[in-house]
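The following exercises ask the student to read a protein model step by step. Each task is followed by a worked solution.

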Amino acid sequence: MEHKEFDRLVTQAFEQLQNNRLFFPGEGVELPVLQRPLWGVASAEDPIFEEFKKPQVIGANFKAPKEWMPQAM
C-alpha cells in the first residue's frame, strides 16, 4: 500500500471517530477521545531505529523492523 493511500485511510477513519467525546457533567468539560494520529514512513535500514534502542529513548523493549520482520525493506 502506498503511503498516500494509507494516509487517506487513516484520515478517513479519524474523521469518522472525531465526534467521540468524553463529557464530565460535574465539571462542564468535554474532551476529545482521540487526536489525529501522527505517523510516518521510513526505510527498515534507517539508522533512526538504532537510536530508538537507547535507554533514554525507548530502550531494550524496542525492536528494529529487521529484527521482527527480516524481509522488511
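## Exercise 1: The overall fold

Counted from the N terminus, the elements of the protein follow the order α-β-β-α-α. The model is a predicted one.

**Task.** State how many helices and strands the protein has, and what percentage of its residues is buried.

**Solution.**
Step 1. The protein contains three helices and two strands.
Step 2. A residue is buried when its relative accessible area is under 20%. Buried residues account for 14% of the 73 residues in the protein.
Step 3. The accessible surface of the protein amounts to about 6300 Å². Carbon and sulfur atoms hold 57% of that surface.
Step 4. Of the contacts with a separation of 6 or more, 22% are between residues 24 or more positions apart.

## Exercise 2: A salt bridge inside one helix

**Task.** Determine which residue forms a salt bridge with Arg8, and where the two partners lie.

**Solution.**
Step 1. A general idea comes first: side chains of opposite charge can pair when their charged atoms come close.
Step 2. To count as a salt bridge, a side-chain nitrogen of Lys or Arg must be within 4 Å of a carboxyl oxygen of Asp or Glu. The closest N and O atoms of Arg8 and Glu5 are 2.8 Å apart, and the two residues form a salt bridge.
Step 3. Both residues belong to helix H1, which covers residues 3-17. They are three residues apart, about one turn of the helix.
Step 4. Arg8 has a relative accessible area of 42% and is partly exposed. Glu5 is also partly exposed, with a value of 34%.
Step 5. The structure holds five salt bridges, and the pair of Arg8 and Glu5 is one of them.

## Exercise 3: Salt bridges between separate parts of the chain

**Task.** For the salt bridge of Glu45 with Lys66, and for that of Lys53 with Glu67, describe which parts of the chain are brought together.

**Solution.**
Step 1. Glu45 and Lys66 meet through their side chains in a salt bridge, with an N to O distance of 3.4 Å.
Step 2. Glu45 is located in the loop between strand S2 (29-32) and helix H2 (48-52), whereas Lys66 is in helix H3 (residues 65-68), so this pair ties together parts that are 21 residues apart in sequence.
Step 3. Glu45 is exposed, at a relative accessible area of 57%. Lys66 has a relative accessibility of 34% and counts as partly exposed.
Step 4. In the other salt bridge, the closest N and O atoms of Lys53 and Glu67 are 3.0 Å apart.
Step 5. This pair links distant parts of the chain, with Lys53 in the loop between H2 and H3 and Glu67 in helix H3, 14 residues apart.
Step 6. Lys53 counts as partly exposed at 26% relative accessibility, and Glu67 counts as partly exposed at 43%.
Step 7. Glu50, Lys53 and Glu67 are joined into one network by salt bridges that share partners.

## Exercise 4: The surroundings of Lys53

**Task.** Identify the residues in contact with Lys53, leaving aside its neighbours within four places in sequence.

**Solution.**
Step 1. With those neighbours left aside, Lys53 is in contact with Gly59, Ala60, Phe62, Ala64 and Glu67.
Step 2. Glu67, in this list, is also the salt-bridge partner of Lys53.
Step 3. The C-alpha atoms of Lys53 and Lys63 are 7.5 Å apart in space, while the two residues are 10 residues apart in sequence.

## Exercise 5: The largest pocket

**Task.** Describe the volume and the lining of the largest pocket.

**Solution.**
Step 1. The volume of the largest pocket is about 280 Å³.
Step 2. Its lining is formed by Met1, Glu2, His3, Gly40, Val41, Ala42, Ala44, Ile48, Phe49, Phe52, Pro65 and Met73.
Step 3. Sorted by character, the lining of the largest pocket has nine nonpolar, two polar and one charged residues.
Step 4. H2 supplies the largest share of this lining, namely three residues.
Step 5. Ile48, one of the lining residues, lies in helix H2. Its relative accessibility is 35%, and Ile48 counts as partly exposed.
Step 6. Ala42, also in the lining, is found in the loop between S2 and H2. Ala42 counts as partly exposed at 43% relative accessibility.
Step 7. Ala42 and Met73 are 31 residues apart along the chain, and their C-alpha atoms are separated by 9.1 Å.

Note on methods:
Residues are numbered from 1 along each chain as its sequence is written. This is a predicted model: local features need pLDDT of at least 70, side-chain atom pairs count only at pLDDT 80 or more; totals for chains, interfaces and linings use all residues. Side-chain values use heavy atoms; hydrogens and water are left out. Helices (H or I, at least four residues) and strands (E, at least two) are DSSP runs, numbered from the N terminus. Buried means under 20% relative accessible area, exposed over 50%, partly exposed in between (1.4 Å probe, protein chains only). On a 1 Å grid over the protein atoms alone, a cavity is a set of points where a 1.4 Å probe fits but cannot get out, and a pocket is an open set with protein on both sides within 12 Å along at least five of seven lines; lining residues have an atom within 4 Å of a point. Grid points are joined across faces, edges and corners, and a volume is the space filled by probe spheres set on the points. Ala, Val, Leu, Ile, Met, Phe, Trp, Tyr, Cys and Pro count as nonpolar, Asp, Glu, Lys and Arg as charged, and the others, Gly among them, as polar. Contact means heavy atoms within 4.5 Å. Accessible areas come from the Shrake-Rupley method with a 1.4 Å probe; for residues, only the protein chains shown count as cover.
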